[in-house]
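Here is a short set of exercises to work through with the model open beside you. Try each task on your own before reading the solution.

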Amino acid sequence: MVNYQRRLDRTFAALVDPTRRAILAQLERKSSATVGELAEPFAIKLPAVMKHLSVLIDAGLITRTKSGRTVTVRLRPQPMREALLWLRRYERFWGASLDRLAAYAERSETDRHGRQ
Amino acid sequence: MTSLTLVRRIKARPSIVFDAVTTAQGIAQWWGPDAGPVLIAEADPRKGGRYRVRFRLLDGSEHECSGEYLEIEPPDRVVMSWRWKGGAGRSE
């Protein structure tokens, strides 16, 4: 449970930054990319990009493989799936509960009108 | 804070909906995502007051949530904090 919470914390903390989301979006379009390719569209220096990549790696959102001098980065979507399930739990609970609230309130309104 | 918005239009007077959300008798009638029963419903609907709801789903599992009324303006508005028992985290 603690690990699960910590994983969620890391996932959401990683996703809060627009540059990191843009990196993930790039990786979604192509199956893998080198660090240089990932850095290209951004007006920030390579060390800053590396820092973002290391946050994404810690969160388990990307993996990195090194072959010779080339570092290749790939998307790892599992943590996002977990975060999505967490969000859906609220949506499901409140979605269905609010339907039941609406049905109950409308029934009460009709009953009260009937009595008056 | 990240937000999630769910909207329902209800054909009932605001006071009826407000009572359904903020009284123990009201909560017991609808709380929970399926037709399983509400086992405990407690509500102290004033600013700083608390509520607690325990319910059973049709699959037999029981869940409990509780929280605090942060803002309350009958019959139009209620803001409450929310926490699952056994889970960390808090939302409003």
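Two strands pair if DSSP finds at least two bridges between them. Helices (H or I, at least four residues) and strands (E, at least two) are DSSP runs, numbered from the N terminus. This is a predicted model, in which local features need pLDDT of at least 70 and side-chain atom pairs count only at pLDDT 80 or more, while totals for chains, interfaces and linings use all residues. Residues are numbered from 1 along each chain as its sequence is written, and chains are lettered from A and ligands numbered from 1 in the order in which they are written.

**Exercise 1. Describe how β2(B) pairs with β1(B) and with β3(B).**

Step 1. Start with β1 (residues 38-43) and β2 (residues 50-56) of chain B: the two run antiparallel and share 5 bridges. Within this pairing, Val38(B) has Phe55(B) as its bridge partner.

Step 2. Look at the connection. The hairpin of β1(B) and β2(B) has 6 residues between the strands, and Gly48(B) there adopts a positive phi near 90 degrees.

Step 3. Move to the other partner. Strand β3 (residues 62-73) of chain B is antiparallel to β2(B), with 7 bridges between them. Val53(B) finds its bridge partner in Cys65(B).

Step 4. Check the second turn. Here 5 residues separate β2(B) from β3(B) in a hairpin, and Gly60(B) has a positive phi of about 95 degrees.

**Exercise 2. Sort the residues of β2(B) into a covered and an uncovered face.**

Step 1. Recall the general rule: in a regular strand the side chains alternate between the two faces of the sheet.

Step 2. Apply the rule. Tyr51(B), Val53(B) and Phe55(B) form the covered face of β2(B), while Arg50(B), Arg52(B), Arg54(B) and Arg56(B) form the uncovered one.

**Exercise 3. Find the cis peptide bond that involves Pro75(B), and place that residue in the fold.**

Step 1. The bond from Pro74(B) to Pro75(B) is cis, and its omega is near -5 degrees.

Step 2. As for location, Pro75(B) sits in the loop that lies between β3 and β4 (77-80) of chain B.

**Exercise 4. Work out the sheet of chain A and the helix that packs on it.**

Step 1. Write down the order. The sheet is open, has 3 strands in the order β1-β3-β2 (chain A), and pairs them antiparallel.

Step 2. Name the edges: β1 (32-34) and β2 (62-67) of chain A each pair on one side only. From one strand to the next, the twist averages 30 degrees.

Step 3. Follow one pair. β1(A) and strand β3 (residues 70-75) of chain A are antiparallel and joined by 3 bridges, and Ala33(A) has Val73(A) as its bridge partner.

Step 4. Add the helix. Helix α2 (residues 18-29) of chain A packs on the sheet and touches β1, β2 and β3 of chain A (two residues are in contact if their C-beta atoms, placed from the backbone, lie within 7 Å). The direction of this helix makes about 90 degrees with that of β3(A) (axes are lines fitted to C-alpha atoms, for helices over the stretch in contact, and angles run from 0 to 180 degrees between N-to-C directions).

**Exercise 5. Which residues of α4(A) are buried, and which exposed residues does the opposite face carry?**

Step 1. Get the dimensions. Helix α4 (residues 46-58) of chain A has 13 residues and spans 18 Å from its first C-alpha to its last, close to the 18 Å expected (1.5 Å times one less than the number of residues).

Step 2. Set the cut-offs: a residue is buried if 20 or more other C-beta atoms lie within 10 Å of its own, exposed if 12 or fewer, and partly exposed in between, with C-beta atoms placed from the backbone. By this count His52(A), Leu53(A) and Leu56(A) are buried.

Step 3. Look down the axis. The buried residues of α4(A) line one face of the helix, because they fall within an arc of 100 degrees (taken from the directions from the helix axis to the C-beta atoms).

Step 4. Turn to the other face, which carries the exposed Pro47(A), Ser54(A) and Asp58(A). After α4(A) comes Gly60(A), with a positive phi near 75 degrees.

**Exercise 6. How many residues of each chain take part in the contact between chains A and B?**

Step 1. The contact involves 18 residues of chain B and 19 residues of chain A.

Step 2. On the chain B side, α1 (14-22) and α2 (24-30) are the elements that give two or more residues. The largest share, 4 residues, comes from α1(B).
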